[in-house]
Amino acid sequence: MTELTQEHETDSKVWTQGFIKGMTEEGESLSEINPESGPLGGSAAKAHSHGGDSHGGGIGVPDSSRAGRLTSYNLADFPTITGREEEWRFTPLKRLRGLDRVGIKGVELNGPAPLVEVTKPDGVTVETVGRDDARIGSAGIPEDRVAAGAWASFTEATVVTLPEEFAGNAENLTTLTLTGQGDAPTASHVVVIAKKFATGVVVLDHRGTAVLSENVEILVEDGANLTVVSIQDWNDDAVHASAQHIKVGRDAKIKHVVINLGGDLLRTTPAARYSGTGAEVEMYGLYFADAGQHLEQRLFVDHSTKNCKSRVTYKGALQGDNAHAVWIGDVLIRKQAEGTDTYEMNRNLILTQGARADSVPNLEIETGMIEGAGHASATGRFDDEQLFYLQARGIEESVARRLVVRGFLNEVIQHIQVPALEERLRESVERELAATPQ
C-alpha cells in the first residue's frame with residue numbers, strides 16, 4: 001500500500017463520546033430552512049407522481065446546504081445550467097453533447113437506448129416495464145437538470161428484483177450488460193430491488209458507444225444485504241451521466257461500487273439515504289483517467305435516521321495531458337440522526353505532468369450526539385523514497401512504478417469481493433499502466 005507524496009491534503013476527524021465540543025443535545029442553532037425529514041420521506045414521498053409536477057424537496061436556499069438542493073421529477077423546475085452552479089463548476093458542459101440542454105431549443109433524448117443483456121441465477125426476476133410501473137420512483141428523485149431530463153425522456157425501464165430471503169453470492173450474481181447503440185443522445189432507467197432479507201450481487205456493465213443520461217434506483221428493503229457494482233468501460237468517445245439513487249431500509253446493508261475507466265466524459269452521482277435505523281452504507285470507487293478524459297464522481301450520503309453507518313473510499317490514478325478527475329463527497333448528518341458513524345476518504349495519484357485532480361470532501365453536522373464523523377482527501381505524485389527503496393533492491397524504475405500503483409488501487413479492488421470482477425479490474429489497470437508515458 002502506497003503513501004502519497006502529498007502536494008495537497010485535507011484530513012478532518014470528529015470522534016465523540018456523546019457530544020461534539022461546542023454543541024448541545026439539540027445541536028447548533030440551525031436554520032429553519034433545513035427540513036426535518038429527507039426528500040424521500042413524509043409528504044415528499046406522498047407527492048410523487050410519474051410525470052407530474054410534484055417536488056421531492058426543493059426546500060431552502062439553493063446551495064446554502066446540501067439539504068437545501070432542489071429535487072423534482074419535473075424538468076421545468078430546474079433552471080438552465082450555466083456552469084457557475086456549485087454542482088456543475090467542474091463539468092465541461094460543451095462535452096455533455098446536449099444532455100444538459102434537454103427541453104431547450106428542441107433538444108431531446110430520443111436516440112436508441114442501450115441494449116440490455118442479462119445473466120442471472122434462478123429466482124431473480126428481470127423485467128422490462130413502462131414508465132407508469134409503480135416501482136419506478138421508489139428509491140430516488142432527480143437532483144439536477146440532467147437527471148430530470150433522463151427521467152422525462154425514458155420510455156421503458158429495466159427492473160431487477162431479488163425476492164425475499166434470496167441467498168445470492170459472488171459466484172451467483174446478476175449481470176446487466178448495457179451496450180450503447182451509437183452517439184445519438186438517449187436516456188435509460190434501471191431499478192434494482194432487494195426484498196426483505198435478500199442477499200445478492202448485481203453488476204451494471206456499460207460498454208460500447210453512447211451519449212447516455214441514466215437514472216439508477218437501488219432499493220434495499222429491511223434486513224437485506226446487497227452489492228451493486230456499476231462499471232463504466234465505454235469506448236473512448238462515450239459520454240455518460242449516471243444518477244444513482246440508493247434507499248436503505250432498517251438493518252439493511254448496501255455495498256455500492258463505481259468503476260470509471262473508459263469514455264470521454266463520465267459523471268456519476270450516487271446518493272444514499274436511510275429509511276430505517278441500523279442501516280449501513282459502504283461506497284467504493286476506482287477510476288483511471290487518461291489524456292483528455294474527464295471522470296467526475298459526486299456523492300451524497302444523507303444521514304436522516306438514528307444509529308446508521310457509512311464508509312466512503314474512492315481512489316483514482318491519472319496520466320496524460322488534460323486528464324481530469326473530480327471527486328466531491330457530501331455527507332449530511334441531520335438533527336435527528338443521533339448515533340451516526342461516518343467517514344469518507346478520497347486519494348488521487350498523479351502519474352504524469354499535465355493531469356489534474358479536484359477533491360472536495362464536505363461534512364455537515366447538525367447534531368452533537370454522534371458516534372463519529374470524519375473525512376480525508378489527498379492528491380499527489382509518487383513517493384520518491386518508495387521508488388528509491390524498490391530500485392535499490394534491483395527493481396527497474398518502470399516496474400517499481402507499476403508495483404506502487406497496483407498497491408494503491410488494490411485497496412478498492414479487494415473490497416469488491418467478486419473474484420471475476422477483481423481479476424478483470426486488475427487486467428484493466430495493467431493495460432492502463434502499459435500505456436503510461438515513461
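Asp144 caps the N-terminal end of helix H2 (145-153), with a side-chain oxygen placed 3.0 Å from the backbone nitrogen of Val146. This distance, like every other value in this report, was computed from a predicted model.

**Helix H2 and its surroundings**

Helix H2 is mostly covered, since eight of its nine residues are buried. The buried residues are Arg145, Val146, Ala147, Ala148, Gly149, Ala150, Trp151 and Ser153. Strand S5 (174-194), strand S6 and strand S8 are included in what covers the buried residues of H2.

**The chain as a whole**

The helix belongs to a chain whose secondary structure comes to five helices and 17 strands. The chain has 438 residues, and 58% of them count as buried. Among the contacts in the chain with a separation of 6 or more, 85% are accounted for by residues 24 or more positions apart.

**Cavities**

The model contains four cavities of 30 Å³ or more. The table sets out the two that are described here.

| Cavity | Volume | Nonpolar lining residues | Polar lining residues | Charged lining residues |
|---|---|---|---|---|
| Largest cavity | about 220 Å³ | six residues | three residues | eight residues |
| Second largest cavity | about 60 Å³ | four residues | three residues | three residues |

The largest cavity is lined by 17 residues, and those nearest its centre are Arg66, Glu143, Asp144, Thr269 and Arg298. Two or more lining residues come from each of strand S8 (239-248), strand S10 (265-274), strand S12 (294-303) and strand S14 (324-333). Strand S10 gives the most to this lining, with four residues.

Which residues line the second largest cavity? They are Asp144, Val146, Ala147, Ser213, Glu214, Ala241, Ser242, Ala243, Arg267 and Thr269. The elements that give two or more residues to this lining are helix H2, strand S6 (199-220), S8 and S10. The largest share, three residues, comes from S8.

Asp144 therefore has several roles in this description: as the cap of H2 it lies by Val146, it is among the residues nearest the centre of the largest cavity, and it also lines the second largest cavity.

**The nonpolar core**

In soluble globular proteins, nonpolar side chains tend to be buried together. In this model, the largest nonpolar core has 49 residues, and Ile218, Leu226, Ile254 and Met283 have the most contacts inside it. Strand S6 supplies the largest share of this core, seven residues.

Leu226 serves as an example of the surroundings of a core residue. When residues up to four places away in sequence are not counted, Leu226 touches Leu162, Val192, Ala194, Gly200, Val202, Ile218, Val220, Lys253, Ile254 and Lys255. Two of these partners, Ile218 and Ile254, are also named among the residues with the most contacts inside the core.

**A buried residue in a loop**

Thr91 lies in the loop between helix H1 (42-46) and strand S2 (115-119). Is Thr91 buried or exposed? Thr91 counts as buried because its relative accessibility is 7%, and buried means under 20%. Leaving aside neighbours within four places in sequence, Thr91 is in contact with Leu96, Arg267, His294 and Glu296. One of these partners, Arg267, also lines the second largest cavity.

How values were computed:
Residues are numbered from 1 along each chain as its sequence is written. This is a predicted model: local features need pLDDT of at least 70, side-chain atom pairs count only at pLDDT 80 or more; totals for chains, interfaces and linings use all residues. Side-chain values use heavy atoms; hydrogens and water are left out. On a 1 Å grid over the protein atoms alone, a cavity is a set of points where a 1.4 Å probe fits but cannot get out, and a pocket is an open set with protein on both sides within 12 Å along at least five of seven lines; lining residues have an atom within 4 Å of a point. Grid points are joined across faces, edges and corners, and a volume is the space filled by probe spheres set on the points. Ala, Val, Leu, Ile, Met, Phe, Trp, Tyr, Cys and Pro count as nonpolar, Asp, Glu, Lys and Arg as charged, and the others, Gly among them, as polar. A nonpolar core is a set of buried Ala, Val, Leu, Ile, Met, Phe, Trp, Tyr and Cys residues joined through side-chain atoms within 4.5 Å. Buried means under 20% relative accessible area, exposed over 50%, partly exposed in between (1.4 Å probe, protein chains only). Contact means heavy atoms within 4.5 Å. A polar contact is a pair of N or O atoms within 3.5 Å; within protein, one must be able to donate a hydrogen and the other to accept it, and residues adjacent in sequence count only if both atoms are side-chain atoms.
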